[in-house]
Amino acid sequence: MSDLRRAPPGREKEIPMPMPRWWGHVNKRVFNPRAIAGGKWPVLTHVGRISGVTYRTPLDAHRVDGGYLFVLVYGSRSDWVQNVLAADGARLRVDGREVELAAPRLVGEDEAFLALSDEVARPPTLLRITEFLRMDLVAG
């Protein structure tokens, strides 16, 4: 399977996926269940846009002004990202509580890095991560 994906409309060239798709399948089957069971990682609950199945995905979630920012290690074409965009939101279990998130939008690294606190390590350049997902906290 190729590590390149079709560029979104308006972009002329192919955008490389930050991490190979096969590694994502390993993560999904082996590491994600352990991360969820361990209870230390933030876990995003989202609904499959085609199946309607509820999924739980452990992610690196970073608190930003008014919401959370997610590093898209596998790019914006990942199923969980597409599910969240289609549903216009998701729930996040973080620090022992669950929060509702809405208004998901893809942002570039300039906007993402401005939103992140200085204490948060930026992804290594080697990973070629240029896309991030930002969502707003739902008041309540």
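The chain exposes about 8,600 Å², of which carbon and sulfur atoms supply 54%; these accessible areas come from the Shrake-Rupley method with a 1.4 Å probe, and for residues only the protein chains shown count as cover. This is a predicted model, in which local features need pLDDT of at least 70 and side-chain atom pairs count only at pLDDT 80 or more, while totals for chains, interfaces and linings use all residues. Residues are numbered from 1 along each chain as its sequence is written, and side-chain values use heavy atoms, with hydrogens and water left out.

**Exercise 1. Confidence**

Find the stretch over which the pLDDT is below 50, and state how many contacts it has beyond near neighbours in sequence.

*Solution.* Begin with the whole chain, which averages a pLDDT of 80, with 70% of the residues scoring at least 70; pLDDT is the predictor's confidence in each residue, from 0 to 100. Then turn to residues 1–8, where the pLDDT is below 50 and where the model has 18 contacts beyond near neighbours in sequence, a contact being heavy atoms within 4.5 Å. Where pLDDT is low, the predicted coordinates should not be read in detail.

**Exercise 2. The overall layout**

Describe the order of helices and strands along the chain, and give the share of its residues that is buried.

*Solution.* First count the elements: there are three helices and nine strands, where helices (H or I, at least four residues) and strands (E, at least two) are DSSP runs numbered from the N terminus. Next read them along the sequence, which gives the pattern β-β-α-β-β-β-β-α-β-β-α-β. Of the 140 residues in the chain, 39% are buried, and here buried means under 20% relative accessible area, exposed over 50%, and partly exposed in between (1.4 Å probe, protein chains only). Finally, among the contacts with a separation of 6 or more, 58% join residues 24 or more positions apart.

**Exercise 3. The sheet**

Which strands stand at the edges of the open sheet, and how do β7 and β8 pair?

*Solution.* Start with the order of the seven strands, which is β4-β3-β7-β8-β9-β6-β5 with antiparallel pairing; two strands pair if DSSP finds at least two bridges between them. The edges are held by β4 (54–58) and β5 (61–64), each of which has a single partner strand, so one side of each is left without a neighbour in the sheet. From one strand to the next the twist averages 35 degrees, with axes taken as lines fitted to C-alpha atoms, for helices over the stretch in contact, and angles running from 0 to 180 degrees between N-to-C directions.

Now follow the pairs inward. Three bridges join β3 and β7 in the antiparallel sense, and L44 stands opposite L92 in β7. Between β7 and β8, which run antiparallel, there are six bridges, and R93 stands opposite E98 in β8. These two strands form a hairpin with two residues between them, and D95 in the turn has a positive phi of about 55 degrees. The antiparallel pairing of β8 with β9 (residues 131–137) also has six bridges, and G108 stands opposite E131 in β9.

**Exercise 4. The helix on the sheet**

Explain why the buried residues of α2 line one face of the helix, and name the strands they pack against.

*Solution.* The buried residues in α2 are W80, V81, N83 and V84. Seen down the axis of α2, they fall within an arc of 160 degrees, so they line one face of the helix; the arc is that of the directions from the helix axis to the C-beta atoms. These residues pack against β3, β4, β6, β7, β8 and β9. After the helix comes D88, whose phi is positive, near 65 degrees; D88 lies in the loop between α2 (79–87) and β7 (89–94), and with 48% relative accessibility D88 counts as partly exposed.

**Exercise 5. One glycine**

Is G67 buried or exposed, and which residues does G67 touch beyond those up to four places away in sequence?

*Solution.* Locate G67 in strand β6, and then note that its relative accessible area is 0%, which makes G67 buried. Leaving aside residues up to four places away in sequence, G67 touches H62, M135, D136 and L137. For one of these, M135, the separation from G67 is 68 residues in sequence and 5.6 Å in space, C-alpha to C-alpha.
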